[in-house]
Amino acid sequence: MSDPHVYTLHGGVNVKFPHKAYPSQTAMMSKIVTSISKSQNALLESPTGSGKTLAMLCAALAWQQHAQRAKTHEEGNSCPKIYFCTRTHKQVTQIIRELRKTAYQGVQMMILSSRDFTCIHPKVKKMSKKSEKCFELRNPKIQKYLVKT
């Protein structure tokens, strides 16, 4: 990643963006940081391909870093966690790909997904009813009746 462009937004939050942001991205980042800072909801929309994902990631994670630095001076306060929710697994992949382009790529991340998409058990991942088989393998009452192969 090349040197990021830095945009100073609401409350002195410095957003590191991987390239020069489009005006719509700058506006979106500003609204996101302002909304989060004021604990408000925001409903933002922008056309496909306008860089929403990258703007959302950079703005939210910049705010989180800013808040963490501010919280280090206060005892016992932790910074809020950020959750990105998507409708499809393809969108999860897109968020990860976009995150890797940013200065925030080192943040801890966890992906919550269905067993149908993320099962790694060698036998179960080939089956059509992964959730049922996984339940059987984890349930000791059912497991004693299963035939070992």
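**Exercise 1.** In what sense do β1 and β2 pair, and over how many bridges? Describe the connection between the two strands and the two faces of β2.

*Solution.* The model examined here is predicted.

Step 1. The pairing of β1 with β2 is antiparallel and extends over five bridges. One bridge joins Val6 to its partner Lys16 in β2.

Step 2. The two strands make a hairpin, with three residues lying between them. Gly11, in the turn, has a positive phi of about 70 degrees.

Step 3. Val13, Val15 and Phe17 make up the covered face of β2, while Asn14 and Lys16 make up the uncovered one.

**Exercise 2.** Place the hairpin within the order of elements, and characterise the protein as a whole.

*Solution.*

Step 1. The protein contains six helices and two strands. Read from the N terminus, the order is β-β-α-α-α-α-α-α.

Step 2. Of the 149 residues, 25% count as buried. The accessible surface is about 11,100 Å², and carbon and sulfur atoms hold 54% of this surface.

Step 3. Among contacts with a separation of 6 or more, 46% are between residues 24 or more positions apart.

**Exercise 3.** Determine whether Val13 is buried or exposed, and identify its contacts beyond its sequence neighbours.

*Solution.*

Step 1. Val13 lies in strand β2. Its relative accessible area is 1%; because the limit for burial is under 20%, Val13 counts as buried.

Step 2. Apart from neighbours within four places in sequence, Val13 is in contact with Tyr7, Thr8, Val33, Ala62, Trp63 and His66.

Step 3. For one of these partners, Trp63, the separation in sequence is 50 residues, whereas the C-alpha to C-alpha distance is 6.0 Å.

**Exercise 4.** Which residues have the most contacts inside the largest nonpolar core, and which element gives the most to this core?

*Solution.*

Step 1. The largest nonpolar core comprises 23 residues, and Val15, Phe17, Met29, Cys58 and Tyr104 have the most contacts inside it.

Step 2. At least two residues of this core come from each of β1 (5-9), β2 (13-17), α1 (23-37), α2 and α3 (89-99). The element that gives the most is α2, with nine residues.

Step 3. Met29 serves as an example. Leaving out neighbours within four places in sequence, Met29 is in contact with Tyr7, Leu9, Val15, Phe17, Ala21, Ala55, Cys58 and Ala59.

Step 4. A general tendency gives the context: in soluble globular proteins, nonpolar side chains tend to be buried together.

**Exercise 5.** Locate Gln64 and Ser39, and classify each as buried or exposed.

*Solution.*

Step 1. Gln64 belongs to helix α2 (residues 52-71). With a relative accessible area of 14%, Gln64 is buried.

Step 2. Beyond neighbours within four places in sequence, Gln64 is in contact with Cys79, Pro80, Lys81 and Ile82.

Step 3. Ser39 is found in the loop between α1 and α2. The relative accessibility of Ser39 is 71%, and this residue counts as exposed.

Step 4. The backbone of Ser39 has a phi near 55 degrees, a positive value in a residue other than glycine.

**Exercise 6.** How many salt bridges does a search of the whole structure find, and how accessible are the residues involved?

*Solution.*

Step 1. The search finds one salt bridge. Glu98 and Lys101 form this salt bridge, with 3.1 Å between the closest N and O atoms.

Step 2. Glu98 has a relative accessible area of 12% and is buried. Lys101, at 39% relative accessibility, is partly exposed.

Methods. Residues numbered from 1 in each chain as written. Predicted model: local features only at pLDDT ≥ 70, side-chain atom pairs only at ≥ 80, totals over all residues. Heavy atoms only, no water. Salt bridge = Lys/Arg side-chain N within 4 Å of Asp/Glu carboxyl O. Buried < 20%, exposed > 50% of the residue type's maximum accessible area, 1.4 Å probe, protein only. Helix = DSSP H or I, 4+ residues; strand = E, 2+ residues; numbered from the N terminus. Contact = heavy atoms within 4.5 Å. Core = buried A, V, L, I, M, F, W, Y, C linked by side-chain atoms within 4.5 Å. Areas by Shrake-Rupley, 256 points an atom, 1.4 Å probe, with all protein chains shown as cover. Pairing = 2+ DSSP bridges.
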